[in-house]
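Student: I would like a close look at a single part of this model, with the cut-offs behind each term stated as you go.

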Amino acid sequence: MTITPTKLLSLYRDMWVVRAFEFGLEREFKRGNVPGMLHTGVGQEAVQAAIAANLRHTDAFFPDHRCHGLLVLAGTPGEKIMAELFGKATGVCSGKGGSLHSADPGVGNFGDNAVEGSMMATALGVALGFQMQGRDDLAAVIVGDGTSGRGEWHESLNLAAAWKLPVLYCCVNNGYAISTAVGDSHATANLYEFAAAYKMPAVQVDGNDIAAACDATQTAVESIRAGHGPYFIEYKTWRWQGLFSGEFRPPEEVKYWKEEHEPINMARERLLAAGNVDEAALDKIKAEVEAEVERWIAFALDSPPPDPAKATANVYVGWEVAAR
């Protein structure tokens, strides 16, 4: 499959939505306007854009903690996601979900979980429901490389393969689980090899090459919708930020991923080489997206905090919870 220049231009904009959102969010976090912890997806823009481009609102997806941009690309208004991360009443979950628990089933977002990897088990139930209803929808679960050390990883892969469930496993391998390199904690640094052992299609793709990532995702989605069972994609990418300020990564590694193999620059070079757009047009896209994100941030800053009297609302379906 070949990505058309028009499609590539759309994906280029989507990648800038992810990056601008994260840059703005990180800036406001440092200013003390975003409560809690923050894990950004800077450097992983192509993966999020590729996944979003191949899902539909009737599918289900379970994002990980670096998928803020994906939540927007999936269809939830950017200002509602931003306000949610700011802990404001205008957020998609009234400010109570935050980064790890933002959900919007109307666009297929079933939410993350602070216990990374647990969604791999949850996704099975949704996928089984789709299968029993005779639908060609799928459940996509986005996990990091560190999740591969958890029991849910193998339990989920095994059951999905045994029952041929419509699950798309999106393993975002950014090289490190906190500060431990993948190859230092696994028998192989190529995690798709584990999935292949469960007798499902399993591939590894350059997660910073938007065309390759989108093609691989499209192939997987088409296979699942055709009833062939689960599919596993390992997107090889790299996160710019460390999980903490003292994290060490070799300078040559940083240079390669941030300069030589950076996803937005790679897409930009491909677009310019095709000759359909010039640098001014691409700069305009960047500026427009950045201005839009600033409007989302302004909305979040101006929004009121949640009403404490509603703190327990919707915590349990059909239950009234008395505050102590």
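At what relative accessibility does Glu 152 stand, and does that make the residue count as buried or exposed?

Tutor: This is a predicted model, in which local features need pLDDT of at least 70 and side-chain atom pairs count only at pLDDT 80 or more, while totals for chains, interfaces and linings use all residues. Residues are numbered from 1 along each chain as its sequence is written, and side-chain values use heavy atoms, with hydrogens and water left out.

Glu 152 has a relative accessibility of 16% and therefore counts as buried (under 20% relative accessible area, with exposed over 50% and partly exposed in between, for a 1.4 Å probe and protein chains only). Glu 152 forms a salt bridge with Arg 150, their closest N and O atoms being 2.9 Å apart (the term requires a side-chain nitrogen of Lys or Arg within 4 Å of a carboxyl oxygen of Asp or Glu). Arg 150, at 31% relative accessibility, counts as partly exposed, so this salt bridge joins a partly exposed arginine to a buried glutamate.

The structure holds 15 salt bridges, and two others reach much further along the sequence than a local contact would suggest. In one of them the side chains of Arg 13 and Glu 292 meet at 3.0 Å, N to O, linking helix α1 (residues 5-30) with helix α13 (residues 279-302) across 279 residues (helices, H or I with at least four residues, and strands, E with at least two, are DSSP runs numbered from the N terminus). Arg 13 is partly exposed at 31% relative accessibility, and Glu 292 is likewise partly exposed at 22%.

Glu 294 and Arg 27 also meet through their side chains in a salt bridge of 3.0 Å, N to O; because Glu 294 lies in α13 and Arg 27 in α1, the pair ties together parts that are 267 residues apart in sequence. Glu 294 has a relative accessible area of 36% and is partly exposed, as is Arg 27 with 28%. Both belong to a network of salt bridges that also takes in Glu 28 and Arg 31.

For a setting with a different character, turn to strand β2 (residues 139-144), where six of the six residues are buried, so that the strand is largely enclosed by the rest of the structure. Its two faces are both covered, with Ala 139, Val 141 and Val 143 buried on one side and Ala 140, Ile 142 and Gly 144 buried on the other.
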